[in-house]
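This report covers helix packing and a few local features of one chain. Please consult the sequence and the structure below while reading.

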Amino acid sequence: MEQAKARSDKNHDPRPQHEDEVGDVPRVRNLLLRSMCAVYLMAFVSFYCQAEGLYGDGGILPASRILANGTLKERLSLLQLAPFVGLGHGHEAIDLLCLVGATVAFLGLISRAHCRLLSFIVMWSVYFSLVQIAQSFRQQADHLLLEAGFLCILLAPTRLTDRRHPMEAIALLLLKWLVFRFMFASGSVKLASGCPLWWSLDGLKRHYETMPLPTSYSWYTYQLPDVFHRLSTIYVYLSELVVPWLFFAPSRTVRRFAVWWHVFLHLNIIGCGNYGFLSPLVLTLLVALLDDEDELVVWVQDRLAVDDTRRRAGRGRTAARQTNSTDDSADRYGGRLVKAISLLMVVGSWLCFSVGVSKDDGQLTFQPTFTQDQYLNVMQTMIRAAPLLVFVLLVKQFLKLLSSQDSVGSLAEGMRQFSKNLGLLISTIVAFTVFFMSIVPHSRLLPSTAVTSPVMTRAYGGLHSLYVVNQYGRHLTKMRPMRREIILEYGDELNGTWHEYGFQYKPWTVERAASLPYGWLHFPRFDFKFYDAAGSKSDAQKWIYPLVQRLLDHQQPVLDLLDSRHVPAEAPRYVRTSLYRFAYTSFADAAAGGFWTRERLTDYFNVFSREDAHLRDKLRQMNFRTAAEQSSSGGGSWNWLLRWLLDAVRRFVGAIEGSYLLIGLFVAAGMVLYTQQQQQQQRVGQST
């Protein structure tokens, strides 16, 4: 009775309840969700920019092929609902999904009122539907975004409230586990593959030359001395094999050290390669390592909060400072731990790679002091230990969740508590299921640690089909000995002059102005795919057959994927694909020429024409229809008004390059936030 009376007195207390909650504002949650909206915006806009040329009816791999003839898992997409709004399965339906997702993401970025559970369910569902039709152009960044987006569904608040909810700590821990898995997998496979370049510490220098879409930053970095590259390779090993363990440190100072370590790493990755939203997504996940009282988090929250939350935070600044000072006193040894960890990493690197000085030229020398078998034994222990550590932390958070539940004082309160606990029960089961299934891909980093339980593998296969849990680390296993590039060429005579199609983002010419373009936050998956194709056999890249057919048909959506300055005015009679070897120039050579030298190696595909029997057989095997067959089939698109609106938007947006479009959207979001702050300050000034 006394407890019920105390709760009743608290509920009828005329003082604002938020005064007791000011120091407990979930700033990390709010910042992470807003940042995820920004990443979703990059992904949707990037997909939209190339969707018509890749997946439209006149594109390389039309989505209608999958939606009509694919497996049940492949056909699971919101695009199946397109005929109900009169759009069919053409590019208009894809455009509609992209625009819906981008709109929800933009609203969540500029307003916390739209950054909640329903928004993240919509964004995840829409992007999952788009990835379902990505086919050969699906990339690792798509998998990471869908897995992170699903965990954000557990993290996002249901109602417009700034209070915490019980699942927050568990969801943040799973996000830490996700970024740990991604970084650790990226590092463990390098030395485990036995690639001599990674063992000699020359892999990073070769990576600057052979990465998918290099930039001029990578060319300048490539020119630095070999000692710098070998030290940088050691830095990468520390970043991916050692520092991720600090993500779970109880010390806030140690976790902040790990965050800034990886911020420096990924800023360099953004500068040297056009990886689109991949590095911004990793940086967003790193926000989960911070605390609500971190200075950076508080600073960003104060500038993003434009409602009464900001005023409450201002009134409760004293309480926040008291909480902060308490945490600082509890973490007073954090600075010493960081210094000790840094010293251990320096000494460990010195011992593991036998750093010395050459007698000939006085340069630093490096030689691993451990064998591959010793490395694999250590990796086995680390791979097995990581899930155990996270499981212990998950159980600890779950016990805290149970202990935080309120006691029941009446039947009405019992019903409300039961409904709340039912939602918590479902969320907790989902969270633990995702964690246990993530152990399967994590264990596959080495064959000796792989989980062989058929129950676990089947369950993982089901979640992986939804991209809720995925495997990472398959890239950069073995460095390519040279850079090969596929060049598309066209001509009107077999023995005549061959001309080259130009590309917007991938290297194809030695001209300095066009050979190393920046895509920044835009992810050009069409250009990116040529990197995979150049490193494999031609038979494994079946998407090139439809590409050649579209070029022979002179289909404008596909031509828009290329550099318009290097596209023929009319349809060519012949198209061929050549394989070239590209190599960086030196400083001296670049002064007189460009960033690249190139040499033609061989034909990647034979010469094709419209009447080529081999091409028609390949297209028939893929159930691919030509432009004439596609147009004659109709499609049931009866909503002419919506189609007109979507085509008008595409014509307007198509005139803007993808990276500039994204920059413009983020500038617009910044202006909206700034305007909201100014209006809020004016209202506060008038009220006082």
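At what angle do helix 4 and helix 29 cross, and within what distance do their axes come? Helix 4 (residues 91-110) and helix 29 (residues 658-687) cross at roughly 40°, and their axes come within 9 Å. The model is predicted: local features need pLDDT of at least 70, side-chain atom pairs count only at pLDDT 80 or more, and totals for chains, interfaces and linings use all residues. Residues are numbered from 1 along each chain as its sequence is written, and side-chain values use heavy atoms, with hydrogens and water left out.

Helices (H or I, at least four residues) are DSSP runs numbered from the N terminus. Axes are lines fitted to C-alpha atoms, for helices over the stretch in contact, and angles run from 0 to 180 degrees between N-to-C directions. Two packed helices are described by the angle between their axes and the distance between the axes.

| Helix pair | Angle | Axis separation |
|---|---|---|
| Helix 4 and helix 29 | roughly 40° | within 9 Å |
| Helix 2 and helix 14 | about 65° | 10 Å |

The crossing of helix 4 and helix 29 is right-handed, the near helix being turned clockwise from the far one by less than a right angle. Phe106, Leu109 and Ile110 of helix 4 are in contact (heavy atoms within 4.5 Å) with residues of helix 29, including Phe666, Val672 and Gln676. This contact comprises nine nonpolar residues, one polar and no charged. Here Ala, Val, Leu, Ile, Met, Phe, Trp, Tyr, Cys and Pro count as nonpolar, Asp, Glu, Lys and Arg as charged, and the others, Gly among them, as polar.

Helix 2 (residues 27-55) and helix 14 (residues 295-304) form the other pair in the table. The two are roughly perpendicular (65 to 115 degrees), and helix 2 passes helix 14 in a left-handed crossing, the turn being anticlockwise. On the helix 2 side the contact is made by Arg27, Val28, Asn30, Leu31 and Arg34, and on the helix 14 side by Val297, Val298, Val300, Gln301 and Leu304. These residues divide into six nonpolar, two polar and two charged.

Two single residues follow. His266, in helix 12 (residues 252-272), is buried (under 20% relative accessible area) at 4%. Beyond its neighbours within four places in sequence, His266 is in contact with Met183, Ser279, Val282 and Leu283. Gln556 lies in helix 24 (residues 556-559) and is partly exposed (between 20% and 50%), with a relative accessible area of 45%. The C-alpha atoms of Gln556 and Gly59 are 9.0 Å apart, although 497 residues separate them along the chain.

Conventions: Buried means under 20% relative accessible area, exposed over 50%, partly exposed in between (1.4 Å probe, protein chains only). Angles under 35 degrees count as roughly parallel, over 145 as roughly antiparallel, 65 to 115 as roughly perpendicular and the rest as oblique.
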